[in-house]
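Trainee: I should like to understand how the terms used for this model are justified. May we go through them one at a time?

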Amino acid sequence: MIYWILAVIVVVVGALVILSVRRSRSKAPAEVKTHKPCSYCNEEIAIDAPVCKYCRGVVVS
């Protein structure tokens, strides 16, 4: 009888550990970078902008 109780406790604790590990892995993904600094004036511009909207400098990737 005591072995059944121990087995149930081990299964429940194991299930809780597995669920907590899965939750910690499924955190929000890393944020996607949408802006970068202009190489001339250092203002934040869109990552695909060919020209800076502040200083009108041609942005080099």
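**Reading the terms**

Mentor: Of the 61 residues in the chain, 11% are buried, where buried means under 20% relative accessible area, exposed over 50%, and partly exposed in between (1.4 Å probe, protein chains only). This is a predicted model, in which local features need pLDDT of at least 70, side-chain atom pairs count only at pLDDT 80 or more, and totals for chains, interfaces and linings use all residues. Residues are numbered from 1 along each chain as its sequence is written, and side-chain values use heavy atoms, with hydrogens and water left out.

Trainee: What makes the pattern of the chain α-β-β?

Mentor: The chain has one helix and two strands, and α-β-β is their pattern when read along the sequence. Helices (H or I, at least four residues) and strands (E, at least two) are DSSP runs, numbered from the N terminus.

Trainee: Why is Val17 called partly exposed?

Mentor: Val17 has a relative accessible area of 46%, a value between the limits of 20% and 50%, and is therefore partly exposed. Val17 is found in helix 1, residues 2-25. A nonpolar surface patch of about 950 Å² includes Val17, and among its other members are Met1, Ile2 and Tyr3. Such a patch is made of residues with over 30% relative accessible area and no salt bridge (a side-chain nitrogen of Lys or Arg within 4 Å of a carboxyl oxygen of Asp or Glu); nonpolar side chains (Val, Leu, Ile, Met, Phe, Trp, Tyr) are joined within 5 Å, and like charges within 9 Å.

Trainee: How do you know that Cys55 is not bonded to Cys52?

Mentor: A disulfide is a pair of cysteine sulfur atoms within 2.5 Å. The sulfur of Cys55 is 3.7 Å from the closest cysteine sulfur, in Cys52, and therefore too far for a bond. A search of the whole structure finds zero disulfides. Cys52 is likewise in no disulfide, the nearest cysteine sulfur being that of Cys41, 3.7 Å away.

Trainee: Which of the words buried, exposed or partly exposed applies to Cys52, and which to Cys55?

Mentor: Cys52 is buried, because its relative accessible area is 0%. Cys55, at 33%, counts as partly exposed.

Trainee: Why does Asn42 count as exposed?

Mentor: Asn42 counts as exposed because its relative accessibility is 57%, and the limit is over 50%. Asn42 lies in the loop between strand 1 (35-37) and strand 2 (44-46). Its phi is near 65 degrees, a positive value in a residue other than glycine.

Technical notes. Accessible areas come from the Shrake-Rupley method with a 1.4 Å probe; for residues, only the protein chains shown count as cover.
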